[in-house]
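Let's take a walk through this model together. Have the sequence and the 3D view ready, and follow along one stop at a time.

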Amino acid sequence: MKRNLMMVGVVVASAFASQVAMADAGLDLAKAKNCMACHAVANKVVGPAYKDVAAKYAGQKDAEAKLVTKVMKGGSGTWGAIPMPANPQVSEAEAHTLVKWVLSQK
């Protein structure tokens, strides 16, 4: 019984560490790719707050794919008149990391 509890504790600690690492990697990547020039986590800058993006797309099965496309190719009309430019400096793998991080903001 004690061994099972210890294993559960290890699994929970590992999951928490993975979430923290993803949060750090996502934020670091957003800063490195200049995303923070137009976005912030909690408030609108030029583009929407990441918390607002996460809320808007919560529960949508295709949210990650849809947002990866927007990060890479740009988009317009979803959040107002100001378009989001394409980001050719962001690879597809980096876009997935960024979008997963954005969608985790709540």
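K56 counts as partly exposed because its relative accessibility is 41%; buried means under 20% relative accessible area, exposed means over 50%, and partly exposed lies in between, with a 1.4 Å probe and protein chains only. You'll find K56 in helix α2, where helices (H or I, at least four residues) and strands (E, at least two) are DSSP runs numbered from the N terminus. Leaving out neighbours within four places in sequence, K56 is in contact with T78 and W79, and contact here means heavy atoms within 4.5 Å. K56 also sits 9.4 Å from L103, C-alpha to C-alpha, although the two are 47 residues apart in sequence.

Before going on, a word about what you're looking at. This is a predicted model, so local features need pLDDT of at least 70, side-chain atom pairs count only at pLDDT 80 or more, and totals for chains, interfaces and linings use all residues. Residues are numbered from 1 along each chain as its sequence is written, and side-chain values use heavy atoms, with hydrogens and water left out. As for pLDDT, that's the predictor's confidence in each residue, from 0 to 100. The protein has a mean pLDDT of 86, with 78% of its residues at 70 or more. Keep an eye on residues 10-18, though: pLDDT stays under 50 there, and the model has zero contacts for them beyond four places in sequence.

Now for the overall plan. The protein has four helices and zero strands, so from the N terminus the order is simply α-α-α-α, by the DSSP runs already described. Of its 106 residues, 25% are buried. Among contacts with a separation of 6 or more, 46% link residues 24 or more positions apart.

Back to α2, which has more to show. D52 is found in this helix too, and with 40% relative accessibility it counts as partly exposed. The C-alpha atoms of D52 and L103 are separated by 9.3 Å, with their positions 51 residues apart along the chain. K51 is another resident of α2, partly exposed at a relative accessible area of 35%. Its C-alpha lies 7.3 Å from that of V102, which is 51 residues away along the chain. Not counting residues up to four places away in sequence, K51 touches V41, A42, Q105 and K106.

And which residues of α2 are buried? They are Y50, V53, A54 and Y57. These cover an arc of only 100° around the axis, which puts them on the same side of α2; the arc is that of the directions from the helix axis to the C-beta atoms. It helps to know that an α-helix has 3.6 residues a turn, so residues three or four places apart point the same way. The buried residues of α2 pack against α3 and α4. Just after α2, G59 takes a positive phi of about 80°.

Next up is α3, where A63, L67, V68 and V71 are buried. Their arc is only 125° around the axis, which puts them on the same side of α3. This buried set packs against α2 and α4. Just after α3 comes G74, with a positive phi of about 90°.

Helix α4 (residues 92-104) has 13 residues and reaches 18 Å from first C-alpha to last, close to the 18 Å expected at 1.5 Å a residue; that expected span is 1.5 Å times one less than the number of residues. Its buried residues are A95, L98, V99, W101 and V102. They cover an arc of only 160° around the axis, which puts them on the same side of α4.

One more stop is in the loop between α1 (2-32) and α2, the place of N34. N34 is exposed, with a relative accessible area of 55%. Its phi is near 70°, a positive value in a residue other than glycine. Most residues other than glycine have a negative phi.
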